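Here is a short exchange on how labels are earned. Each answer sets a value against a cut-off.

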Amino acid sequence: MSTFPTERTVLLTGAGSPRGIGRYTAGYLAERGWHVGLVDIDGDAAAATAARIADRYGVRAVGVGADVADRDAVVAAVDALEARLPQVVALVAFAGVASPVPYLDLDADEWRRVVSVNLDGTHWVTQRVARTLVSHGVGRIVGISSVSAQRGGGTFSRTPYSAAKAGIQGFVRSVARELGPHGITANVIAPGPIDTDIMGGTLSEERKAAMAADGVLTRIGTPRDVAAAAAFLISEDSGFVTGQTLNVDGGLYMH
Ligand code: NAD
């Protein structure tokens, strides 16, 4: 089984939004020596984030635009990143969209939008990156689910989001089984409510308190909580952990 190269790159999708988990995690990993490749539907935001990270942490960082639901766009984006960065060793697929629409009001377009970005998007980028990881015999894949998948919503998003995020758990377990013999691990992070803007805008203190009330801890999560979990799951030393879901949710769901 191959070891990690000294110069190694992590690819992150969904690293564009200013207060998002993906952008925070990109900086967190760069600070720990990872070169970073960023993909976001907002290509300008991805490029600007990459430029800031390169400047601040002295690593190589490149950001490009792509809709993760579009297979050809994902393949082109990963091709472009690979051409400009050291060996890709890890993927963390943060790109996702929320959906608070009640089930009985759901139309076909909303269902497809939410499932295609969250689930198809995770699949397309995983498949493209996995080809590279297999060629090197080493790699780490992290999918991003949600406690919504396990508890049937309950925070902001509803049915198509819960379904897509539950799908990511089954998807990653199967990928873990197929790619394990190639030296690749695949795991899932299931965050609880995290203080970003995805749940209909910046959270008020009242909303944060209400969301925290359900958990064991007395606060909602921060991007740093999720970034730390991602750093562990893509580390060389996490190599015997695969097919797992790590809840970063303050004890909202215990399994
Ligand atoms: P965010 O909205 O700040 O970030 C999502 C990012 O994905 C943005 O940069 C957005 O531009 C990008 N994106 C959206 N659609 C895309 C597409 N089609 N192609 C490429 N990029 C696209 O949200 P966040 O809170 O940082 O969420 C990050 C991930 O964590 C998401 O998958 C989300 O579902 C998941 N999550 C978040 C929470 C939470 O409470 N914040 C809880 C559980 C899971």
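The questions below take up salt bridges, burial, the ligand and the nonpolar core.

This is a predicted model, where local features need pLDDT of at least 70, side-chain atom pairs count only at pLDDT 80 or more, and totals for chains, interfaces and linings use all residues. Residues are numbered from 1 along each chain as its sequence is written, and side-chain values use heavy atoms, with hydrogens and water left out.

Q: Why is the pair Arg 128 and Asp 79 called a salt bridge?
A: A salt bridge needs a side-chain nitrogen of Lys or Arg within 4 Å of a carboxyl oxygen of Asp or Glu. The N to O distance here is 2.8 Å, so the pair qualifies.

Q: What parts does the pair of Arg 128 and Asp 79 tie together?
A: Arg 128 lies in helix H4 (residues 108-136) and Asp 79 in helix H3 (residues 71-84), so the bridge links parts 49 residues apart in sequence. Helices here are DSSP runs of H or I with at least four residues, and strands are runs of E with at least two, numbered from the N terminus.

Q: Is Arg 128 buried or exposed?
A: Buried means under 20% relative accessible area, exposed over 50%, and partly exposed in between (1.4 Å probe, protein chains only). Arg 128 has 11%, so it counts as buried.

Q: Why is Asp 79 called partly exposed?
A: Its relative accessible area is 39%, so Asp 79 falls in the middle class.

Q: What makes Arg 113 and Glu 110 a salt bridge?
A: Their closest N and O atoms are 2.9 Å apart, so they meet the cut-off. Both lie in helix H4, three residues apart, about one turn of the helix. Glu 110 is buried at 14%, whereas Arg 113 is partly exposed at 35%.

Q: How do you know that Asp 40 makes a polar contact with the ligand?
A: A polar contact is a pair of N or O atoms within 3.5 Å. A ligand oxygen is 2.6 Å from an N or O atom in the side chain of Asp 40, so this pair counts. A ligand nitrogen is 3.1 Å from a polar backbone atom of Ile 41, so that pair counts too.

Q: What makes up the largest nonpolar core?
A: A nonpolar core is a set of buried Ala, Val, Leu, Ile, Met, Phe, Trp, Tyr and Cys residues joined through side-chain atoms within 4.5 Å. The largest has 34 residues; Val 10, Leu 12 and Ile 189 touch the most other members. Helix H8 gives the most to this core, with six residues.

Technical notes: Polar contact = N/O pair within 3.5 Å; in protein donor to acceptor, adjacent residues only side chain to side chain.
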